Amino acid sequence: MATHKQTLPSAGVALEPERQRIKPPPLYKVMLLNDDYTPMDFVVVVLEKFFRMSREQATVVMLRVHRHGRGVCGVFPRDLAATKVEQVGVFAHRHQHPLACVMEEN
Ligand code: TYC
């Protein structure tokens with residue numbers, strides 16, 4: 001006589017394909033872009049204030065952006081990345097600097 005165990009797929013087997021189909025949420029790089037006008041000190045303050053970097057880390061990232069044109073400030077889930085981009089944009093605009101901050105899927 002067939003038992004439940006023999007005729008029905010076990011819970012583990014039934015759930016296996018489901019688990020494989022679920023992708024982790026995408027992450028986004030938040031990047032600063034170089035320009036000719038924003039003071040270096042201001043960029044360092046932005047990296048300290050919005051990305052919780054030390055003065056030393058912030059200086060390394062700022063110089064990377066200055067030399068290479070862009071640089072990664074951090075990698076975040078979409079909503080948090082969008083919030084950082086918005087906060088930096090508002091802060092830069094308030095101080096009348098053209099500093100650009102963008103996000104891109106990692
Ligand atoms: N290039 C700017 C200058 O020479 C400094 C700067 C660095 C500006 C990084 C923007 O994201 C930036 N004052």
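**Exercise 1. The loop between α5 and β3**

Task: In this predicted model, find the loop that holds Q96, and work out whether Q96 is buried or exposed.

Solution. Start with the location: Q96 sits in the loop that links α5 to β3. Next, look at the backbone, where phi of Q96 is near 60°, a positive value in a residue that is not glycine. That is worth a pause, since most residues other than glycine have a negative phi. Finally, check the accessibility: the relative accessible area of Q96 is 74%. The cut-off for exposed is over 50%, so Q96 counts as exposed.

**Exercise 2. Another positive phi**

Task: Which loop contains R52, and what is the phi of R52?

Solution. Go to the loop between α3 and α4, where R52 is found. Its phi is positive, about 50°, although R52 is not a glycine. Now apply the accessibility test: R52 has 77% relative accessibility and therefore counts as exposed.

**Exercise 3. Laying out the sheet**

Task: In what order do the three strands of the open sheet lie, and which strands are at the edges?

Solution. Take the order first: it reads β2-β1-β3, with antiparallel pairing. The edges are then β2 (70–77) and β3 (100–105), each of which pairs on one side only. From one strand to the next, the twist averages 30°. For a closer look at one pair, take β1 (residues 27–33), which is joined to β2 by seven bridges. Within this pairing, K29 stands opposite V75 of β2. To finish, add the helix that packs on the sheet: α4 (residues 55–68) touches β1 and β2, and its direction makes about 125° with that of β2.

**Exercise 4. Assembling the nonpolar core**

Task: How many residues make up the largest nonpolar core, and which element gives the largest share?

Solution. The count is 24 residues, and those with the most contacts inside the core are L32, V46, L47, F51, V88 and L99. Next come the contributors: β1, α3 (40–51), α4, β2 and α5 (78–94) each give two or more residues. The largest share comes from α3, with seven residues. You can then zoom in on V46, which contacts F51, V88, F91 and L99 once neighbours within four places in sequence are left aside. As background, nonpolar side chains tend to be buried together in soluble globular proteins.

**Exercise 5. Around the ligand**

Task: Which residues surround the ligand, and where do polar atoms of N34, D35 and T38 lie relative to ligand nitrogen?

Solution. First list the surroundings: L32, L33, N34, D35, T38, M40, V43, M62, V65, H66 and L99. Then go through the polar contacts one by one.

- N34 places a polar side-chain atom 2.7 Å from a ligand nitrogen atom.
- D35 has a polar backbone atom 2.7 Å from a nitrogen atom of the ligand.
- T38 has a polar backbone atom 2.9 Å from a nitrogen atom of the ligand.

**Exercise 6. T38 in its loop**

Task: Is T38 buried or exposed, and what does T38 touch beyond its sequence neighbours?

Solution. Place T38 first, in the loop between β1 and α3. Its relative accessible area is 12%. Buried means under 20%, so T38 is buried. Setting aside neighbours within four places in sequence, its contacts are V43, H97, P98 and L99. With L99 the link is polar too: a polar side-chain atom of T38 lies 3.3 Å from the backbone nitrogen of L99.

Methods: Residues numbered from 1 in each chain as written. Predicted model: local features only at pLDDT ≥ 70, side-chain atom pairs only at ≥ 80, totals over all residues. Heavy atoms only, no water. Pairing = 2+ DSSP bridges. Helix = DSSP H or I, 4+ residues; strand = E, 2+ residues; numbered from the N terminus. Axes fitted to C-alpha atoms, helices over the stretch in contact; angles between N-to-C directions. Contact = heavy atoms within 4.5 Å. Core = buried A, V, L, I, M, F, W, Y, C linked by side-chain atoms within 4.5 Å. Buried < 20%, exposed > 50% of the residue type's maximum accessible area, 1.4 Å probe, protein only. Polar contact = N/O pair within 3.5 Å; in protein donor to acceptor, adjacent residues only side chain to side chain.
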